[in-house]
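Student: Pick one part of this model and take me through it closely. I'd like to hear what packs against what, and how that part sits in the rest of the chain.

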Amino acid sequence: MKVVLTPGGASVLVSAGDTGSVSFPAPKSEMAGFMTGETETEKVLTAEQFFDALAANGLLSDSDLRLVRDFWLPETESAGELASRLVSEGKLTGFQARRVYASKAHVLVLGNYVVQEKIGAGGMGEVYKATHRVMKREVAVKVLPSKLVNNAMAVQRFYREVQAA
């Protein structure tokens with residue numbers, strides 16, 4: 001097992017196993033809004049703003065960004081239309097598209113891990129499917145709720161659960 005520090009200061013525990021697992025107690029500021037799947041319905045993004053969020057947060061490969069910028073963006077009228085196309089073409093998941101539209105794309109990238117989908121929740125946090133950028137390996141990412149980050153006993157229990165996984 002190794003610990004990797006992400007730019008936001010979250011510690012990511014990576015354990016070797018058949019399915020792999022990644023867990024981290026994240027600072028409140030980094031994970032604010034991450035747990036909810038809801039978008040801010042009053043916000044209206046343009047297709048260009050949606051693209052800019054994708055580019056700024058590294059959710060797509062350089063070749064996919066060029067494809068979107070050069071071919072899809074000029075013929076797209078709205079962020080929703082662009083998001084739908086990216087999802088239907090398998091470039092983003094629906095979960096990722098909703099996070100980008102809600103201006104929360106930054107929480108989808110955790111060091112070398114890109115969050116794909118929410119896959120579960122329990123007493124010690126929520127679990128997300130993620131992919132390691134370099135190894136292209138799927139892992140599970142467990143997020144400790146921000147309200148428990150400063151609770152030493154909860155963090156200790158969280159790490160025990162990670163080690164048992």
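**The helices around H2**

Tutor: Let's start with the whole chain: of the contacts (heavy atoms within 4.5 Å) between residues at least 6 apart in sequence, 47% join residues at least 24 apart. Bear in mind that this is a predicted model, where local features need pLDDT of at least 70 and side-chain atom pairs count only at pLDDT 80 or more, while totals for chains, interfaces and linings use all residues. Residues are numbered from 1 along each chain as its sequence is written, and side-chain values use heavy atoms, with hydrogens and water left out.

The protein has six helices and seven strands, taken as DSSP runs numbered from the N terminus (helices H or I, at least four residues; strands E, at least two). Read from the N terminus, the order is β-β-β-α-α-α-α-α-β-β-β-β-α. Of its 165 residues, 42% are buried, meaning under 20% relative accessible area (exposed is over 50%, partly exposed is in between; 1.4 Å probe, protein chains only).

The part I'd pick is H2, residues 47-57. Take its packing with H3 (residues 62-72): the axes lie 11 Å apart, at an angle of about 165°. Axes here are lines fitted to C-alpha atoms, for helices over the stretch in contact, and angles run from 0 to 180 degrees between N-to-C directions. That makes H2 roughly antiparallel to H3 (over 145 degrees; under 35 is roughly parallel, 65 to 115 roughly perpendicular, and the rest oblique). On the H2 side, Phe51, Leu54 and Ala55 make the contact, and on the H3 side Leu65, Val68 and Arg69 do. Sort those residues by class and you get five nonpolar, no polar and one charged. For the classes, Ala, Val, Leu, Ile, Met, Phe, Trp, Tyr, Cys and Pro count as nonpolar, Asp, Glu, Lys and Arg as charged, and the others, Gly among them, as polar.

Now follow H2 over to H4. Here the axes come within 7 Å and cross at roughly 50°, so H2 and H4 are oblique to each other. H2 brings Ala47, Phe50, Phe51 and Leu54 to this contact, and H4 answers with Ala79, Leu82, Ala83 and Leu86. By class, that is eight nonpolar residues, with no polar and no charged ones. Phe51 and Leu54 are worth picking out: they belong to the contact with H3, and they turn up in the contact with H4 too.

H5 (94-101) joins in as well. Its buried residues are Phe95, Gln96, Ala97, Arg99 and Val100, and these pack against H2, H4, strand S5 (113-122) and strand S6 (125-132). Just after H5 comes serine 103, with a positive phi of about 60°. Most residues other than glycine have a negative phi. Serine 103 sits in the loop between H5 and strand S4 (109-110), and at a relative accessible area of 39% it is partly exposed. Lysine 136 is another such case, its phi near 55°; this residue lies in the loop between S6 and strand S7 (138-144) and is exposed, at 64% relative accessibility.

Finally, the charged pairs. A salt bridge is a side-chain nitrogen of Lys or Arg within 4 Å of a carboxyl oxygen of Asp or Glu, and the count comes to five. One of them is aspartate 64 with lysine 91, whose closest N and O atoms are 3.0 Å apart. This pair ties distant parts of the chain together: aspartate 64 is in helix H3, and lysine 91, 27 residues away, is in the loop between helix H4 (79-88) and H5. Aspartate 64 is buried, at 17% relative accessibility, whereas lysine 91 is partly exposed at 28%.

Another pairs lysine 118 with glutamate 126, at 2.9 Å between the closest N and O atoms. Lysine 118 is partly exposed at 38% relative accessibility, and glutamate 126 is buried at 14%. Then there's lysine 129 with glutamate 138, where the closest N and O atoms are 3.8 Å apart. Lysine 129 has a relative accessible area of 29% and counts as partly exposed; glutamate 138, at 46%, is partly exposed too.
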